[in-house]
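Here are a few short exercises to work through with the viewer open. Try each task before you read its solution.

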Amino acid sequence: MSATAPVLPIAAATALEDALGDAHEPDNPLGFRAVLSADERGEMLTEGEQALDAFRFNAEYVPRALGGRLSRIDRLMHLTRTVSRRDPTLALGYGFTNYISGSAMWTSGSERQQQRMAELLLNGSKTAAGYNELAHGNDFTRTDLTAVRDKDGDRLLINGRKQVVNNIGRADAVVLLARTDTGSGTRSHSHLFVDLTDGPAGRLRRDFRYPTVGLRGCLIGGAEFTGYPVPADAFIGPPGGAMETVLRAFQTTRALLPGMMVGTSDTQLRTVAVFTLERRLYGRRVADIPHARATLVGAFLDLLAADCLATVACRGLHVVPDQTSVLTAAAKYLAPKILHRTSYDLGTILGAQSYLRDGAYGIFQKFARDLTAITFAHANASVCQATMLPQLPRLATKSWLRATPPAPELFRLDAPLSDIDYQALELTSRGVDQLTAVLHHPDPDGVLPVGTLELVNRLCGDLRELRERCLALPPREHSVVAGRAGFALADRYAHLAMAATCIGIWQHNQHSEDAFLRDPLWLTGVLTRIAARLGHDVAPLPGASEGQLFAELVARVERGEGFDFCRPRLARA
């Protein structure tokens with residue numbers, strides 16, 4: 001199959017990969033040996049942070065209009081994926097929080113606040129996003145930290161704690177979610193921009209540290225505010241408007257994080273693939289054992305499916321920003337879930353080697369721990385399901401089996417995109433879901449194999465059944481107090497959305513020079529796995545098809561290429 005990649009927005013990611021150098025070079029201060037050593041010490045990789053500083057990585061989080069380099073969310077995804085392929089701790093701990101806090105600012109901040117945030121980031125500072133409180137987890141509506149006006153009315157006084165916040169101990173500014181009204185509704189909470197460079201030190205303690213099993217080097221800490229004063233105009237957006245900002249801004253983070261995690265899975269798959277090619281058992285390579293080969297191919301297909309879902313979610317923020325509230329939640333829910341399962345399956349091939357903390361395969365166990373931790377980062381699975389679930393009945397009524405397919409630009413990997421417009425993002429999809437229309441318009445040119453079309457027809461039947469079940473849901477079952485039945489429907493929707501993104505990526509990139517991308521072989525493979533997860537009795541891939549996919553995987557290992565659809569070139573000494 002051709003090794004020529006389609007034109008993708010990854011030139012910067014290639015430059016970053018070259019700056020990081022060969023991950024397997026023992027003397028590389030940014031290689032896997034150094035990554036493992038930093039993890040053993042529970043520290044961030046200092047040389048990695050220095051390399052990202054030299055790359056001016058913080059500029060990637062700042063919109064171009066404010067002097068940064070942020071334009072396309074899929075471009076940022078490829079950059080964070082590059083770092084995550086080297087060290088997930090570095091990817092998250094260096095400054096993904098900078099983007100989380102920045103996204104709230106770019107969505108609702110005043111011109112002055114945006115300029116100050118941009119100034120801090122472009123100068124290399126760290127910012128933090130203070131949402132979590134251990135007593136309430138991801139239930140932001142129960143936030144205890146308060147901000148109330150002082151007796152003169154010209155300042156707000158902050159009181160309370162935030163816990164498990166990345167980089168809070170070294171941040172120069174923090175975006176805080178605070179209770180600003182005693183009422184119980186969603187209008188009782190606000191975002192505050194707190195510049196920590198000139199505040200009274202005696203009113204803030206932030207030397208807490210929470211040791212973690214995964215992401216051990218991340219500076220995950222807490223802060224305690226005691227009558228901490230901020231200007232009365234510290235509100236980001238209108239007072240009481242925090243939830244609207246969250247519902248918009250978090251669409252971008254929920255698209256980015258799964259795409260970043262694909263890089264982590266890439267390294268795990270590469271590590272195990274190399275193991276199977278090098279290790280002999282029962283007189284033959286482990287790679288020649290049918291179960292090991294099938295597991296590797298399955299992991300490859302799952303990575304491709306996760307890449308499709310994350311890529312379309314990122315592109316959707318530009319192409320269909322009115323429809324991404326559900327799509328991005330589906331991406332953040334399902335892609336990490338599948339990649340976590342893939343990590344477990346790959347670990348069964350390594351066996352006892354999957355627990356070793358050094359040596360040729362030691363990077364696997366660190367990435368397995370990190371991947372699990374990232375899965376729960378920012379917005380966990382149940383939060384994402386709870387975001388999807390209330391919208392499903394309206395999608396069923398208005399769109400499913402009725403909508404027209406979206407514009408090709410949603411899937412076409414070389415199609416240009418305009419700069420991200422945070423104000424264009426909608427709080428809900430308002431019942432519009434063009435993505436799933438791909439399931440009943442899968443092959444306008446009539447080139448898909450019969451077996452693949454049969455899979456698509458089954459999945460379209462699943463959408464029809466899902467529509468009926470969602471329309472029959474009692475109101476309680478599509479609210480935040482829904483039971484297992486409601487959440488199971490959100491799971492099924494996410495799988496169908498993933499299938500639609502895979503079909504769309506295949507369908508709208510038939511002009512690509514990459515023969516593998518054009519080949520329905522991979523599409524058949526991912527749809528087979530999705531259909532099996534939805535409960536269909538599907539036959540495994542034929543031996544010849546599995547062999548072709550395994551040959552593609554091995555070729556990428558030998559050429560030093562990434563496993564996703566952009567086929568990034570990995571640095572070599």
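Contact here means heavy atoms within 4.5 Å. Keep in mind that the model is predicted.

**Exercise 1.** Find which residues Tyr-131 is in contact with, leaving aside neighbours within four places in sequence.

*Solution.* Start with Ile-100 and Ala-104, which are both in contact with Tyr-131. Next come Phe-140, Lys-162, Val-175, Leu-177 and His-191. Val-246 and Phe-250 complete the set.

**Exercise 2.** Place Tyr-131 in the largest nonpolar core, and find which helix gives the most to this core.

*Solution.* This core holds 165 residues, and Tyr-131 and Trp-522 touch the most other members. Helix H8 (residues 290-319) is the top contributor, with 17 residues. Another core, of 21 residues, lies apart from it; Ile-158, Ile-168, Val-194 and Val-230 are among its members.

**Exercise 3.** Work out which strands pair with S7, and in which sense.

*Solution.* First take S3 (residues 155-166): 9 bridges join this strand to S7, and the two run antiparallel. Along this pairing, Val-165 stands opposite Gly-221. Now turn to S6 (residues 204-209), which is also antiparallel to S7, over 4 bridges. Here Arg-205 has Glu-224 as its bridge partner. Finally, check the cover: S7 spans residues 220-231, and 9 of its 12 residues are buried.

**Exercise 4.** Compare the span of helix H9 with the expected value.

*Solution.* H9 (residues 324-350) has 27 residues, and at 1.5 Å a residue 39 Å is expected. From first C-alpha to last, H9 reaches 38 Å, close to that value. Of its 27 residues, 21 are buried. Gly-351 follows H9 and has a positive phi, near 65°.

Terms used. Residues are numbered from 1 along each chain as its sequence is written. This is a predicted model: local features need pLDDT of at least 70, side-chain atom pairs count only at pLDDT 80 or more; totals for chains, interfaces and linings use all residues. Side-chain values use heavy atoms; hydrogens and water are left out. Buried means under 20% relative accessible area, exposed over 50%, partly exposed in between (1.4 Å probe, protein chains only). Two strands pair if DSSP finds at least two bridges between them. A nonpolar core is a set of buried Ala, Val, Leu, Ile, Met, Phe, Trp, Tyr and Cys residues joined through side-chain atoms within 4.5 Å. The expected span of a helix is 1.5 Å times one less than its number of residues.
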